[in-house]
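Me: I have a structure open and would like to go through it with you, one question at a time. Could you help me read it?

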Amino acid sequence: MASNTPAACCASGFKHEGTPAGETKTINGVNAYIAHPKGSKTPEKAIIFVTDIFGIYTNAQLLADEYANNGYLTIVPDILQGDAIDVKAMESGKVDLSAWLPKHKPADVEPAVESAIKYARETLGVKRVGAVGYCFGAKFVCRNIKPGLIDVGYIAHPSFVTHEELGAIKGPLSIAAAEVDSIFTTQLRHESEDILIKTTQPWQINLFSGVSHGFAVRGDLKDPKQKWAKEQAFCQAIAWFNEHL
């Protein structure tokens, strides 16, 4: 695999503070959080935000707002259909991933991703669609980077991505990686580099020192090192989309 399956580190991290500014609505039968760029009612570009196992919660919403603040309509579909891992359960150590994961296989998750893409392209008339995927969500970004679906991808500390999925991408992909990561390990990162070279697509892997899996969405913002890495990983995503989307 290009990245291992989700583990205990996927169920750890910090909840961020802030008030989401977007709206919640149902699109093609799927609940979603949508963040709109200011002054743009008919955007030509959009980003599909594919979440980690915590689904549509404060951290994801605040990040979606930041993508919108940088000019990209951002759609966060509920890929977990109301069955996201509870943040309080995570904090108390009561997360049973072995029981949860079998209920959220690609056949269960991808319809929500596809509904968001369809909404962007057909309902809103968006011409170019990017996607971001954090941890668990990264797999579904890689699986859908192909003509007519996702044009450009960005993923952070990916989980569950297979070599075949990574090798099949048909568009640019950027990856933010953590120095300490039992899922996207050093070996798997290097294997991913070899795979990406063979795709002939534009690609990028940035490695952030002193941080662990989940830093780009669940890092401790009271720690200057983690805060800086999270912010720079976001800047990486924006620069990538500004160039390729």
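Me: Is aspartate 151 buried or exposed?

Reply: Happy to help, and please keep in mind that this is a predicted model. A residue counts as buried under 20% relative accessible area. Aspartate 151 has a relative accessibility of 16%, so the label for aspartate 151 is buried.

Me: Which residue in helix 4 does aspartate 151 pair with?

Reply: Aspartate 151 sits in the loop between helix 5 (138–142) and strand 6 (152–156). Its partner lies 30 residues away in sequence, so the salt bridge links distant parts of the chain. The closest N and O atoms of the pair are 2.8 Å apart. The partner in helix 4 is arginine 121.

Me: And which residue in strand 5 does aspartate 151 tie to?

Reply: Here the side chains meet in a salt bridge with an N to O distance of 3.7 Å. The loop holding aspartate 151 and strand 5 are tied together by this pair, across 23 residues of sequence. The strand 5 partner counts as partly exposed, at 30% relative accessibility. That residue is arginine 128.

Me: How many residues apart are glutamate 44 and lysine 127?

Reply: These two form a salt bridge, with the closest N and O atoms 3.9 Å apart. Glutamate 44 is in the loop between strand 2 (30–35) and strand 3 (45–50), while lysine 127 is in the loop between helix 4 (106–123) and strand 5 (128–134). Glutamate 44 is partly exposed at 48%, and lysine 127 is exposed at 56%. Along the chain, the separation of the pair is 83 residues.

Me: What is the count of salt bridges?

Reply: Beyond the pairs we have discussed, a network of salt bridges links Glu110, Lys139, Arg143 and Glu165. For a pair to count, the side-chain nitrogen must be within 4 Å of the carboxyl oxygen. By that rule, the count of salt bridges is 9.

Me: Now the cysteines: how many disulfides are there?

Reply: Two cysteine sulfur atoms have to be within 2.5 Å to count as a disulfide. For cysteine 142, the nearest cysteine sulfur is that of cysteine 135, 13 Å away. The sulfur of cysteine 235 also has cysteine 135 as its closest cysteine, but at 19 Å this is too far for a bond. The number of disulfides is 0.

Me: Is cysteine 142 buried or exposed?

Reply: It helps to set it beside cysteine 235, which is partly exposed with a relative accessible area of 42%. Cysteine 142 has a value of 1%, so cysteine 142 is buried.

Me: Which helix gives the most to the lining of the largest pocket?

Reply: The largest pocket has a volume of about 230 Å³. Its lining has 17 residues, and those closest to the centre are Ala21, Leu62, Asp65, Glu66 and Asn69. By type, the lining divides into 7 nonpolar, 6 polar and 4 charged residues. The element that gives the most, with 7 residues, spans 58–69 and is helix 1.

Me: Last one: how far apart in space are leucine 166 and lysine 225?

Reply: Leucine 166 is found in helix 6 (residues 163–167) and is buried, with a relative accessible area of 2%. Lysine 225 is 59 residues away from leucine 166 in sequence. From C-alpha to C-alpha, leucine 166 and lysine 225 are separated by 30 Å.

Conventions:
Residues numbered from 1 in each chain as written. Predicted model: local features only at pLDDT ≥ 70, side-chain atom pairs only at ≥ 80, totals over all residues. Heavy atoms only, no water. 1 Å grid on protein atoms, 1.4 Å probe; cavity = no way out; pocket = protein on both sides within 12 Å on 5 of 7 lines; lining within 4 Å. Points joined across faces, edges and corners; volume = space filled by probe spheres on them. Helix = DSSP H or I, 4+ residues; strand = E, 2+ residues; numbered from the N terminus. Nonpolar A, V, L, I, M, F, W, Y, C, P; charged D, E, K, R; others polar. Buried < 20%, exposed > 50% of the residue type's maximum accessible area, 1.4 Å probe, protein only.
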